[in-house]
Amino acid sequence: MHVIPELVTDLVRRGAAFVRFVGLALRIQFTRLPPRDVLVTQLVDAGWGSLALLTMLTIFAGLNLSVQSYGSFERFGGQDLLGMFAGVGGVRELYPVMAAVVCGARIGANLAASLANMRISEQIEALEVMAVDPVHYLVAPRLWAVTLALPLLCGYADVVGLAASYAGAVWQLGLDPGSFVTQVQEQVGLADIGTGLFKGLVMGWLVAVISCFHGYTVAKRDGAEGVGIATNLAIVHGAVMCIVVNLILSWLIYG
């Protein structure tokens, strides 16, 4: 009988703590420049470190998009529309979400685990003793790094995904290459590309702030188990929020 009220109380408490953390992170992020050395390190890890995983998954996603859609269009003789579908569907929705969820999970796990380890090993308290603001030194550069890296990863995923769709449509399914390219050029505009990059910007910041929150606020008494819990929560909550925010943004922009 007392379980449900305790769960509600805990959710409210964690929600209030998250709101306070977001306010603090925004204030620090946009009022002071982050430490350059930490920012560069985190930016390289978030961007360059995600390229191999994103490349492999985007190639398969682009190929699968062509193969699966070709069968549907073939039923009514609309194979030439494959380029339009692969371009619009990929650039607007598939590749930004894939970059945010897949790379966000990898990046978010790293952020949460590193900050949780620092909390448990009392490195954060050591910074406070040395009069160094831990939010400015640890959280702000991570927020900037992921916020800047995700749109770049989305743009890279667009290029790789469209190339993979082209390869699947032309080399595997025998579609006319000129028709595919023409459909992409006519139907995919700068607005569509910009929308995908904007989604990456928003979802990148969300992944970063959620991951930093779970890692930064882990309880020291939880020890090594707390690191695993924080990492798991960062991945799950980040992925869910990316899907929800993508849907909301699509409604607002295209609805």
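This briefing walks through the fold, two helix packings, the aromatic pairs and a few single residues of the structure above. The model is a predicted one. Its protein chain has nine helices and zero strands, and the order along the sequence reads α-α-α-α-α-α-α-α-α. Of the 255 residues in the chain, 45% count as buried.

**Overall shape and contacts**

- Taken along its principal axes, the C-alpha trace of the protein chain spans about 70 × 50 × 30 Å.
- Among contacts in the chain with a separation of 6 or more, 87% come from residues 24 or more positions apart.
- One pair to look up in the viewer is L65 and N232, which are 167 residues apart in sequence and lie 30 Å apart in space, C-alpha to C-alpha.
- Another is Q42 and V146: 104 residues separate them along the chain, and their C-alpha atoms are 7.8 Å apart.

**Helix α4 against helix α7**

- Two packed helices are described by the angle between their axes and by the distance between those axes.
- For helix α4 (residues 82-120) and helix α7 (residues 177-187), the angle is about 45° and the axes are 7 Å apart.
- Oblique is the class for angles that are neither roughly parallel (under 35 degrees), roughly perpendicular (65 to 115) nor roughly antiparallel (over 145), and α4 and α7 are therefore oblique to each other.
- The crossing of α4 past α7 is right-handed.
- On the α4 side, the contact is made by L82, G83, M84, A86 and V88, while α7 brings in F180, Q183, V184 and Q187.
- Sorted by class, the residues in this contact of α4 with α7 are six nonpolar, three polar and no charged.

**Helix α2 against helix α6**

- Helix α2 (residues 36-47) packs with helix α6 (residues 134-172) at an angle of about 40°, and their axes are 8 Å apart.
- Here, too, there is a handedness to note: α2 passes α6 in a right-handed crossing.
- From α2, the residues making the contact are V38, L39, Q42, L43, A46 and G47.
- From α6, they are Y137, P141, R142, W144, A145, V146, L148, A149 and L153.
- The contact of α2 with α6 divides into twelve nonpolar residues, two polar ones and one charged one.

**A closer look at Q42**

- Q42 sits in helix α2 and is one of the residues through which α2 makes its contact with α6.
- With a relative accessible area of 15%, Q42 falls under the 20% cut-off, so Q42 is buried.
- Setting aside neighbours within four places in sequence, Q42 is in contact with L111, P141, R142 and A145.
- P141, R142 and A145 also appear among the α6 residues of the contact between α2 and α6.

**A closer look at L65**

- L65 belongs to helix α3 (residues 51-74).
- Its relative accessibility is 16%, so L65 counts as buried.
- Beyond neighbours within four places in sequence, L65 is in contact with F85, A86, G90, L94, Y95 and S165.
- One of these partners, A86, is also among the α4 residues in the contact with α7.

**Aromatic pairs**

- The structure holds six aromatic pairs.
- In the pair of Y166 and W171, the ring centres are 6.4 Å apart and the planes are at 75°, so the pair is edge-to-face.
- Y166 has 25% relative accessibility and so counts as partly exposed.
- W171, in turn, is exposed, with a relative accessible area of 69%.
- Elsewhere, F18, F21, F213 and Y216 form one aromatic cluster.

**Loop residues with positive phi**

- E122 is not a glycine, yet it has a positive phi of about 65°.
- E122 lies in the loop between α4 and α5 (123-129).
- The relative accessible area of E122 is 45%, so this residue is partly exposed.
- A131 likewise is not a glycine and has a positive phi of about 65°.
- The loop between α5 and α6 is where A131 lies.
- At 71% relative accessibility, A131 is over the 50% cut-off, so A131 counts as exposed.

Technical notes. Residues are numbered from 1 along each chain as its sequence is written. This is a predicted model: local features need pLDDT of at least 70, side-chain atom pairs count only at pLDDT 80 or more; totals for chains, interfaces and linings use all residues. Side-chain values use heavy atoms; hydrogens and water are left out. Axes are lines fitted to C-alpha atoms, for helices over the stretch in contact, and angles run from 0 to 180 degrees between N-to-C directions. Helices (H or I, at least four residues) and strands (E, at least two) are DSSP runs, numbered from the N terminus. A crossing is left-handed if the near helix is turned anticlockwise from the far one by less than a right angle, and right-handed if clockwise. Contact means heavy atoms within 4.5 Å. Ala, Val, Leu, Ile, Met, Phe, Trp, Tyr, Cys and Pro count as nonpolar, Asp, Glu, Lys and Arg as charged, and the others, Gly among them, as polar. Rings of Phe, Tyr and Trp (its six-membered ring) pair if their centres lie within 6.5 Å; planes under 30 degrees apart count as stacked, over 60 as edge-to-face and the rest as tilted. Buried means under 20% relative accessible area, exposed over 50%, partly exposed in between (1.4 Å probe, protein chains only).
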